[in-house]
Amino acid sequence: MTPRPQDLQATFCATLVDEWVRCGVEHAVVAPGSRSTPMALALAAEPRIRLHVQHDERSAGFLALGLALVAWEPTVVLTTSGTAAVELHAAVVEADLAAVPLLVCTADRPPELLDVAAPQAIDQAHLFGRSVRWFHAPGIATEAARGHWRALAARAYAEATGPRQGPVHLNLAFREPLVGEVRDVPPPRSVDGAGWAWRPPLQAPDDSVISLAEDFAGRRGLILAGPGSGHGEMVHHLASGLGWPVLAAPQASVWCIPGATIPGADAFLRSADHTALVPEVVVRLGGPLASRVVGEWTARTGAIEIVVAGPATWVDPHGTASVVLAGDPAHLLTAWSREMDDVTPVDDGRWLRSWQDMGAVALEAIDAVLAGDPVASEPSTARGVVEGLPAGGNLIASSSMPIRDLEWYVAPTRPLRVHANRGANGIDGVVSTAVGVALGSDGPTALLIGDLAFLHDSNGLLGIASREVDLVIVVNDNDGGGIFSFLPQHETVAPQTFEALYGTPHGLDLVALASAYGVAARLVDDVTQAVSDACASGGVHVLVVRTERGANLDLHRRIGSAVAAAISP
């Protein structure tokens with residue numbers, strides 16, 4: 001008997017979902033809609049999938065991204081057709097640039113409803129352009145294609161997790177009726193029933209790459225550890241063997257190893273040329289740091305730059321790299337560390353101590369300024385969140401000032417897992433990303449965010465009161481765009497025009513806004529204690545810290561002056 005079209009659609013979707021689960025997919029995010037019904041029902045019927053429903057499609061995309069960030073396994077995100085699919089674009093761009101695996105499924109109208117003014121029918125072919133690793137539109141499910149369904153699912157997974165991991169887009173056309181019965185799912189193709197997905201072979205570094213370590217020995221060097229820089233202990237081991245300092249982004253796991261990195265580098269590199277600190281070699285691991293000062297200073301040194309980037313990224317924003325190595329930094333760190341066994345640290349450790357002494361002086365000056373500041377500030381809030389979050393917790397930092405305040409002014413004393421959407425460096429979707437991280441991981445999770453980023457994605461709180469999630473959101477509320485005060489526009493544009501275009505005060509009560517989503521929210525002064533108490537009690541909390549943009553700018557300038565005075569001869 002010929003299967004009914006609606007049953008073929010249902011079976012096709014059930015087959016994709018089954019194959020993805022066999023490959024390792026555990027989470028799916030669904031934004032409600034009608035045209036996506038066959039896939040939505042298949043995901044809901046699969047007991048091995050944790051299903052998360054999010055009303056807002058843009059938030060759904062970032063929720064899926066946050067879930068994928070935790071385990072680096074693809075998360076499925078599903079929308080209906082039309083502008084609902086377009087809303088995923090920002091999350092897809094971030095996943096592309098940050099190399100986060102996603103299986104992006106957009107429902108579509110059947111061919112006969114395209115280009116005839118049918119509702120919710122837009123051109124969804126290659127909707128996300130070059131931001132996806134692979135695009136495929138299999139068309140309406142047919143009996144003739146049944147034997148290819150598992151291969152399609154396996155390839156989508158493999159493309160998302162391959163040498164250049166990232167988002168994959170499947171545009172799935174469905175014809176009414178949309179509700180059918182699953183019948184005769186094709187059997188798995190492998191002997192043991194596991195998913196059959198292509199995996200690239202692990203590439204061991206060749207001798208020419210390993211031999212670069214020989215060039216490191218005995219030379220004054222500097223390691224810049226950014227997002228995706230590899231295991232922190234391995235970075236620390238390499239640096240210790242060479243006698244080199246490490247400057248790290250908060251997302252780098254080496255950042256959370258006490259004493260492994262140099263604090264306050266952004267502050268002390270602003271203040272002088274520091275001829276004594278100029279390296280001969282700079283090794284960049286992973287993506288760039290948030291500090292523009294550090295990046296520009298190292299580029300001016302004329303040092304030999306060796307970049308170890310992830311396979312999806314070319315990291316050379318200043319055009320100064322001598323060598324760019326694509327691949328997993330962990331493989332290179334392992335190989336290079338073996339070469340360090342018989343190496344004496346450069347200058348018998350004096351080179352490293354000069355950096356450590358500079359960092360200690362800078363940190364002491366920063367501590368003194370913050371300790372003497374009587375009001376809540378954004379740098380002190382960043383410190384409070386880190387100090388209040390239990391060891392092993394997750395910390396998500398929004399772009400703009402939060403990630404910078406962490407990198408510039410915080411010296412962590414306990415292990416934390418830090419995440420940030422620094423692929424595209426945008427402020428949209430940050431709340432949803434944090435919800436995804438919290439849902440996909442164990443232990444408490446905190447988000448440090450500014451007020452505009454919070455407003456951009458307040459819909460990330462939709463339905464959060466009914467989710468089993470522990471999340472503490474700390475919002476720096478300075479009533480507008482604080483980072484713009486640090487840009488030249490602040491000094492050159494008329495004050496009224498600056499406020500209208502850049503300051504953009506919103507005048508909203510963020511505690512009331514969060515409460516409207518059913519979330520416990522309050523104003524706080526003692527951030528450390530508030531975060532600690534919120535983590536201990538569990539659930540979702542929004543803690544709002546009132547700051548002032550002018551005072552924040554003045555504080556950063558006073559910190560810079562204090563550090564400059566402390567390190568001047």
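**View 1. L395 faces V418 across two paired strands.** In this predicted model, L395 sits opposite V418, a residue of β13. One step along, I396 is matched with H419 of β13. The two strands, β12 (residues 394-397) and β13, run in the parallel sense and are joined over three bridges. What do the side chains of β12 do: are they buried or exposed? N394 and I396 point one way, L395 and A397 point the other way, and all of them are buried.

**View 2. The sheet around β12 and β13.** Step back from that pair and you find an open sheet of six strands with parallel pairing. Reading across, the order is β13-β12-β14-β15-β17-β16. Which strands are at the edges? They are β13 (417-419) and β16 (520-523), and each of them pairs on one side only. From one strand to the next, the twist averages 20°.

**View 3. S400, in the loop after β12.** Follow the chain on from β12 and you come to S400, which lies in the loop between β12 and α15 (401-409). S400 isn't a glycine, yet its phi is positive, about 70°. As for how much of S400 shows at the surface, its relative accessibility is 23%, so it counts as partly exposed.

**View 4. Another open sheet, this one with β1 to β6.** Here, too, six strands form an open sheet with parallel pairing. Go across it and you meet the strands in the order β2-β1-β3-β4-β6-β5. At the edges stand β2 (50-53) and β5 (134-136); each has a single partner strand, so one side of each is left without a neighbour in the sheet. Ignoring direction, neighbouring strands of this sheet are turned by 15° against each other on average.

**View 5. A closer look at β4 and β6.** Within that sheet, how many bridges link β4 and β6? There are seven, and β4 (residues 102-108) pairs with β6 in the parallel sense. For a landmark, look for T106, which stands opposite N171 in β6.

**View 6. Two spots in the loop between β6 and α7.** P177 lies in the loop that runs between β6 (167-173) and α7 (207-210). The peptide bond joining E176 and P177 is cis, with omega at about 0°. D184 is found in the loop between β6 and α7 as well. Phi of D184 is near 55°, a positive value in a residue other than glycine. Is D184 buried or exposed? With a relative accessible area of 64%, D184 is exposed.

**View 7. Helices α1 and α2 cross.** Two packed helices are described by the angle between their axes and the distance between the axes. For α1 (residues 5-23) and α2 (residues 37-45), the axes come within 8 Å and cross at roughly 45°. That angle makes α1 oblique to α2. The crossing of α1 past α2 is right-handed. Which residues make the contact? From α1 come Q9, C13, A14, L16, V17 and W20, while α2 brings P38, M39, A42 and L43. Sort the residues of this contact of α1 with α2 and you get nine nonpolar, one polar and no charged.

Definitions and conventions. Residues numbered from 1 in each chain as written. Predicted model: local features only at pLDDT ≥ 70, side-chain atom pairs only at ≥ 80, totals over all residues. Heavy atoms only, no water. Pairing = 2+ DSSP bridges. Helix = DSSP H or I, 4+ residues; strand = E, 2+ residues; numbered from the N terminus. Axes fitted to C-alpha atoms, helices over the stretch in contact; angles between N-to-C directions. Parallel < 35°, antiparallel > 145°, perpendicular 65-115°, else oblique. Left-handed = near helix turned anticlockwise from the far one by under 90°. Contact = heavy atoms within 4.5 Å. Nonpolar A, V, L, I, M, F, W, Y, C, P; charged D, E, K, R; others polar. Buried < 20%, exposed > 50% of the residue type's maximum accessible area, 1.4 Å probe, protein only.
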